[in-house]
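I wanted to go through this structure for helix packing and for open space. My notes follow in the order I looked things up.

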Amino acid sequence: MIRTCRPSDLDTLREITIICFDGTSIDQRIENAFGRIGETDWRWRKASHIDADVRANPEGIFVYEESGTVIGYITTRIDPDTRIGSIPNLAVLPQHQGKGIGKALMAAALDYFETSGMVLARIETLEQNKIGTVFYPRTGFREIARQIHYAMPLKNRKL
């Protein structure tokens, strides 16, 4: 069953985020290259994206619940000026993937965009996210551009 996210779901969404983005998080890749940055690790930083999504658009976060347990979610943001809806995060626990849950969550987000007056939906993923690079085109998204992320420690920099 898909429903709107409740405040009581947030810890679960953070946990799902950490599980599902292990191996595909930019912050994790930075940490792997340069070591831990600051007082928090990549898991904390990636999970904090859920908090930002809730602050930005709480009515546009949908969860998939099975037998009273949240096993996946999708977050959205809408821009009434550009009429573009964005999907910052989509995750389904690995043991529940391949059952149509991601597709159902995507449909809920796209329906939400349409009823909110959006005319275009956008989502982005990293090349190493093999699930996203296959799933998004299958659901109708077209690749528009590629972006490269760079990082460097500020200590001992060349400039």
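Entry 1, a helix pair. I looked up how helix 2 and helix 3 pack in this predicted model. Their axes lie 8 Å apart, and the angle is about 165 degrees. Angles over 145 count as roughly antiparallel, so I put helix 2 down as roughly antiparallel to helix 3. I noted the crossing of the two helices as right-handed.

Next I asked which residues make the contact. Helix 2 brings Asp27, Gln28 and Glu31. Helix 3 brings Trp42, Arg45, Lys46 and His49. By class, I get four charged, two polar and one nonpolar residue in this contact.

Entry 2, the largest pocket. How much space lies in the largest pocket? I read about 1800 Å³. The lining of this pocket runs to 50 residues. Closest to the centre are Ile123, Glu124, Thr125, Leu126 and Gln147.

I then checked which elements give two or more residues to this lining. The helices are helix 2 (26-34), helix 3 (42-56), helix 4 (101-115) and helix 5 (130-138). The strands are strand 4 (84-92) and strand 5 (120-123). Helix 2 gives the most, with six residues. I sorted the lining by class as well: 25 nonpolar, 13 polar and 12 charged.

Entry 3, the second largest pocket. I read a volume of about 600 Å³ for the second largest pocket. Its lining has 27 residues, and those closest to the centre are Val92, Gln97, Ile131, Gly132 and Phe135. Two or more lining residues come from each of helix 1 (10-20), strand 4, helix 4 and helix 5.

Which element has the largest share of this lining? I found helix 5, with seven residues. The class split here is 12 nonpolar, 10 polar and five charged.

Strand 4, helix 4 and helix 5 turn up in my notes for both pockets: they give two or more residues to the lining of the largest pocket and to that of the second largest.

Entry 4, Met152. I located Met152 in the segment after helix 5. What does Met152 touch, leaving aside neighbours within four places in sequence? I found contacts with Phe34 and Arg157. Phe34 and Met152 are 118 residues apart along the chain, yet 8.2 Å separates their C-alpha atoms. I also noted that helix 2 spans 26-34, which puts Phe34 at the end of that range.

Definitions and conventions:
Residues numbered from 1 in each chain as written. Predicted model: local features only at pLDDT ≥ 70, side-chain atom pairs only at ≥ 80, totals over all residues. Heavy atoms only, no water. 1 Å grid on protein atoms, 1.4 Å probe; cavity = no way out; pocket = protein on both sides within 12 Å on 5 of 7 lines; lining within 4 Å. Points joined across faces, edges and corners; volume = space filled by probe spheres on them. Nonpolar A, V, L, I, M, F, W, Y, C, P; charged D, E, K, R; others polar. Axes fitted to C-alpha atoms, helices over the stretch in contact; angles between N-to-C directions. Parallel < 35°, antiparallel > 145°, perpendicular 65-115°, else oblique. Left-handed = near helix turned anticlockwise from the far one by under 90°. Contact = heavy atoms within 4.5 Å.
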